[in-house]
Amino acid sequence: MPRRTDVPTLVAQARDGQPRAVARLISLVEDASPVLREVMAALAPYTGHAYVVGLTGPPGVGKSTSTSALVGAFRARGKRVGVLAVDPSSPFSGGALLGDRIRMQDHATDPEVFIRSMASRGHLGGLAWATPQALRVLDAAGCDVILVETVGVGQSEIEVASAADTTVVLMAPGMGDGIQAAKAGILEIGDVYVVNKADRDGAQTTARELNHMLSLGPAREAGAWRPPILKTVASRGEGLDEVVEALEKHHAWMSGNGMLRTRRQRRVRAEIEAIALAALRARMGGLSAAGDALADRVVDGTLDPYAAADELVAGLGAGQPSAGQPSVG
């Protein structure tokens, strides 16, 4: 019989900053452990303090290098930093394929930095499905700043905007940035824009194109945030202080006008809905026989699909979640 997870002890150890306890809690999240509800209930009183910064952009712009450089910049300001680096999934193990921690070895021995690679496991939008709960773990563990680095899939990475307080969009010269800007996909979500690898030819042109594309958007009201466009050479640590200053200004602007709370409410609402939908899907899994019978009736023309769906929903009240799946009741 497996040994029961001692959640109160794990949470207390994570609150003390013990890396193994933090890692264990995130593993429970990723594995959808049966004790996940208990974990989230225990963490709830200690959350809501961390500043979450998302970093996104096309592949090859230097997201991992920029993340590592930002860790150093925040540590220089005395901040405890957490990093969730979301990688593509291995088609064999389902685990993180690239392992961004390898690229952040400069911070591996710093007890005030926790770095975790998470597999996207096929989840679209550039994040892992477990990201919201993993953020709660790092928040409760006392991280002042949490950096979320997306998987690097291009225009579909917009989900990071809903998971972060501030979203940084990274671009680089010589990578078809004009075309990327014209598509306007991930460029609609940025609070801070950074042209990395600014020592390359074309950096000024890329910054100018970004500025032009932003100017084509809707007119901003007086007092609205105007996203800055900054240039960095993350591999040499150049320009990172300016990025941190922009992040701090955006955080202060949001705190002053209530936008920070609004964004966090929106984020939590989406998290609640996702948990509820997962519970409903689990209950529907127990109604497969009923679903087959309804499908037969629709095929035979004795029932329409809307009426069949109504019957299926009506039957959910008697359904029960399967083992290991989340429950809302």
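**Exercise 1. Find which residue of strand 4 is the bridge partner of Leu 55, then describe the strands around it.**

Step 1. In strand 4, Leu 55 has Glu 149 as its bridge partner. Helices (H or I, at least four residues) and strands (E, at least two) are DSSP runs, numbered from the N terminus. The model is predicted: local features need pLDDT of at least 70, side-chain atom pairs count only at pLDDT 80 or more, and totals for chains, interfaces and linings use all residues. Residues are numbered from 1 along each chain as its sequence is written, and side-chain values use heavy atoms, with hydrogens and water left out.

Step 2. Count the bridges. Strand 1 (residues 51-56) is joined to strand 4 (residues 145-149) by five bridges, and the two run parallel. Two strands pair if DSSP finds at least two bridges between them. Val 52 stands opposite Ile 146 of strand 4.

Step 3. Turn to strand 5 (residues 166-171). Four bridges join strand 1 to strand 5, again in parallel. Here Gly 54 has Thr 167 as its bridge partner.

**Exercise 2. Decide how many residues of strand 1 and of strand 4 are buried.**

Step 1. Apply the cut-offs. Buried means under 20% relative accessible area, exposed over 50%, and partly exposed in between (1.4 Å probe, protein chains only).

Step 2. Take strand 1. Six of its six residues are buried. Tyr 51, Val 53 and Leu 55 lie on one side; Val 52, Gly 54 and Thr 56 lie on the other. Both faces are covered.

Step 3. Take strand 4. Five of its five residues are buried. One side carries Val 145, Leu 147 and Glu 149, and the other carries Ile 146 and Val 148. Both faces of strand 4 are covered.

**Exercise 3. Classify the packing of helix 4 against helix 9, then place Ala 69.**

Step 1. Set up the description. Two packed helices are described by the angle between their axes and the distance between the axes. Axes are lines fitted to C-alpha atoms, for helices over the stretch in contact, and angles run from 0 to 180 degrees between N-to-C directions.

Step 2. Read the geometry. Helix 4 and helix 9 (residues 240-257) pack at about 75°, with axes 10 Å apart. Helix 4 and helix 9 are therefore roughly perpendicular to each other. Angles under 35 degrees count as roughly parallel, over 145 as roughly antiparallel, 65 to 115 as roughly perpendicular and the rest as oblique.

Step 3. List the contact. Helix 4 brings Ser 66, Ala 69, Leu 70, Ala 73 and Phe 74; helix 9 brings Leu 240, Val 243, Val 244 and Leu 247. Contact means heavy atoms within 4.5 Å. By class, there are eight nonpolar, one polar and no charged residues. Ala, Val, Leu, Ile, Met, Phe, Trp, Tyr, Cys and Pro count as nonpolar, Asp, Glu, Lys and Arg as charged, and the others, Gly among them, as polar.

Step 4. Focus on Ala 69. Ala 69 belongs to helix 4 (residues 63-76). Ala 69 is buried, at 17% relative accessible area. Not counting residues up to four places away in sequence, Ala 69 touches Ala 234 and Leu 240. Arg 236 is 167 residues away along the chain, yet its C-alpha atom is 8.5 Å from that of Ala 69.

**Exercise 4. Repeat the analysis for helix 1 and helix 3.**

Step 1. The axes of helix 1 (residues 7-15) and helix 3 (residues 36-43) come within 10 Å and cross at roughly 45°. Helix 1 and helix 3 are therefore oblique to each other.

Step 2. Val 7, Pro 8 and Val 11 of helix 1 meet Glu 38, Val 39, Ala 42 and Leu 43 of helix 3. The classes are six nonpolar, no polar and one charged residues.

**Exercise 5. Locate three loop residues: Glu 112, Ala 32 and Lys 197.**

Step 1. Glu 112 sits in the loop between strand 2 (81-87) and strand 3 (113-119). At 27% relative accessibility, Glu 112 is partly exposed. Leaving aside neighbours within four places in sequence, Glu 112 contacts Arg 75, Lys 79, Arg 80 and Val 81.

Step 2. Ala 32 is in the loop between helix 2 (19-30) and helix 3. Its phi is positive, about 50°, although Ala 32 is not a glycine. Most residues other than glycine have a negative phi.

Step 3. Lys 197 lies in the loop between strand 6 (192-195) and helix 8 (203-215). Lys 197 is not a glycine, but has a positive phi of about 60°.
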